[in-house]
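Me: I would like to learn how to read a helix and its surroundings in a model such as this one. Could you take me through it step by step?

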Amino acid sequence: RTPLTAILTGVVLLQQHAADRLVPAERKLLAHAQVNSERLGRLIDDLLALNQLEAGVHSLEMEPLDLRVCVMNAVASVFAQIQEKGQILELDLPGPLPVIGDQAQLERVICNLVENAHQHTQPGSRIEVIGWSTAHEIQLTVRDNGPGIPVEELSVIFERFYRLQDSGSGSG
């Protein structure tokens, strides 16, 4: 992660200290560099977590929390990309969503789902994150109007690094 941290630090410093000397196209390029560096960091974190899980050394920090906090943190990390594509993000989280879980891991999962919705829907489309609770369960749904998963691939989508045939880029 060290090279990525150095790149991200440089980009942020340029944005903070040289923004007034840059033309709009250069500022936009730096913003893209920051967003993509952060995305790459999330991918690296996902791969590290996967390796730890497979090695049996990954531990979860279980604690009581409100799932709405995880949603807000996850959405914040991809919101700029959603806005840039002209998509509409709608959150429907009307009440507390009390769970016991690992906040960082829950945020990672939610971020991946929202980012996937962003990547696989058209500009101007709607992405919804809906949460509700009953006496016995908490449910969280990320909904979009993308192409979905073909029926013939449903049985294999959870295989390691599996990607849909027409999914474009991604690590699976």
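Me: Which sign does the phi of Gly 56 take, just after H2?
Reply: Helices (H or I, at least four residues) and strands (E, at least two) are DSSP runs, numbered from the N terminus. Just after H2, Gly 56 takes a positive phi of about 75°. This is a predicted model, in which local features need pLDDT of at least 70, side-chain atom pairs count only at pLDDT 80 or more, and totals for chains, interfaces and linings use all residues. Residues are numbered from 1 along each chain as its sequence is written, and side-chain values use heavy atoms, with hydrogens and water left out.

Me: What does H2 reach from its first C-alpha to its last?
Reply: The expected span of a helix is 1.5 Å times one less than its number of residues. Helix H2, residues 24-55, has 32 residues and reaches 47 Å, close to the 46 Å expected.

Me: Which residues of H2 are buried, and what covers them?
Reply: Buried means under 20% relative accessible area, exposed over 50%, and partly exposed in between (1.4 Å probe, protein chains only). In H2 the buried residues are Leu 30, Ser 37, Gly 41, Arg 42 and Ala 49, and their cover includes helix H1 (2-17), helix H3 (67-84) and helix H4 (103-119). Across the protein, buried residues make up 25% of the 172 residues.

Me: How many helices and strands does the protein have?
Reply: There are four helices and five strands, and from the N terminus on the elements run α-α-β-α-β-β-α-β-β. Taken along the principal axes, the C-alpha atoms fill a box of roughly 55 × 40 × 40 Å.

Key: Contact means heavy atoms within 4.5 Å.
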